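Me: Hi! Could you walk me through this model before I head back to the bench?
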Amino acid sequence: MPRMKHPVPVPCEVPGCGRPAYVLRLCQSHHRHSLKRTPGSTEPLPAIRPYRKRTDGTVKFAGLRLSRLCVARLRKKARKRGLSNGAAIADVLEAWANRSARRSRR
Ligand SMILES: [Zn+2]
């Protein structure tokens, strides 16, 4: 069966989800969960943690929704160091984790 997006956006049928339905009246995350379930299972699908909402000031970058300023700085860092976008993000996160660890040791 081909997987097609609903022509008119409808919400996921899982109560409280609110994401757009992707296939079989489920959002992508709930559809993925449904494929892992035992066939015929009536157990409710788990709640999906909320994602960052789309706003005018954000853009998608390496699978993340970030501000334009953040993307510009990450691109500059990646270019300067000859890194991929993902590696630049990893560098920032590692530096943050190390700073946080040093702070909590004090
Ligand atoms: Zn859903």
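Reply: Happy to! One definition to start with: axes are lines fitted to C-alpha atoms, for helices over the stretch in contact, and angles run from 0 to 180 degrees between N-to-C directions. Also, keep in mind that this is a predicted model.

Me: Good. So at what angle do helix α2 and helix α3 pack?
Reply: At about 105 degrees, with the axes 9 Å apart. Helix α2 covers residues 68-81 and helix α3 covers residues 85-105. Angles of 65 to 115 degrees count as roughly perpendicular, so that is the description that fits α2 and α3.

Me: Which residues make the contact?
Reply: From α2 you have Leu74, Lys77 and Ala78, and from α3 there are Asn85, Ala88 and Ile89. Sorted by character, the contact residues of α2 with α3 are four nonpolar, one polar and one charged.

Me: How many residues of α3 are buried?
Reply: Two of its 21, so α3 is hardly covered.

Me: And how far does α3 reach?
Reply: From first C-alpha to last, α3 spans 31 Å, close to the 30 Å expected at 1.5 Å a residue.

Me: What about Gly86, where is it found?
Reply: Gly86 sits in helix α3. Gly86 is partly exposed, because 14 other C-beta atoms lie within 10 Å. Its C-alpha is 6.3 Å from that of Ala62, and the two residues are 24 apart along the chain.

Me: Switching topic: which domains does the chain have?
Reply: The domain assignment gives domain 1 (1-42) and domain 2 (58-105). Their C-alpha centres lie 32 Å apart.

How values were computed. Residues are numbered from 1 along each chain as its sequence is written. This is a predicted model: local features need pLDDT of at least 70, side-chain atom pairs count only at pLDDT 80 or more; totals for chains, interfaces and linings use all residues. Domain bounds come from an automatic or database domain assignment. Helices (H or I, at least four residues) and strands (E, at least two) are DSSP runs, numbered from the N terminus. Angles under 35 degrees count as roughly parallel, over 145 as roughly antiparallel, 65 to 115 as roughly perpendicular and the rest as oblique. Two residues are in contact if their C-beta atoms, placed from the backbone, lie within 7 Å. Ala, Val, Leu, Ile, Met, Phe, Trp, Tyr, Cys and Pro count as nonpolar, Asp, Glu, Lys and Arg as charged, and the others, Gly among them, as polar. A residue is buried if 20 or more other C-beta atoms lie within 10 Å of its own, exposed if 12 or fewer, and partly exposed in between; C-beta atoms are placed from the backbone. The expected span of a helix is 1.5 Å times one less than its number of residues.
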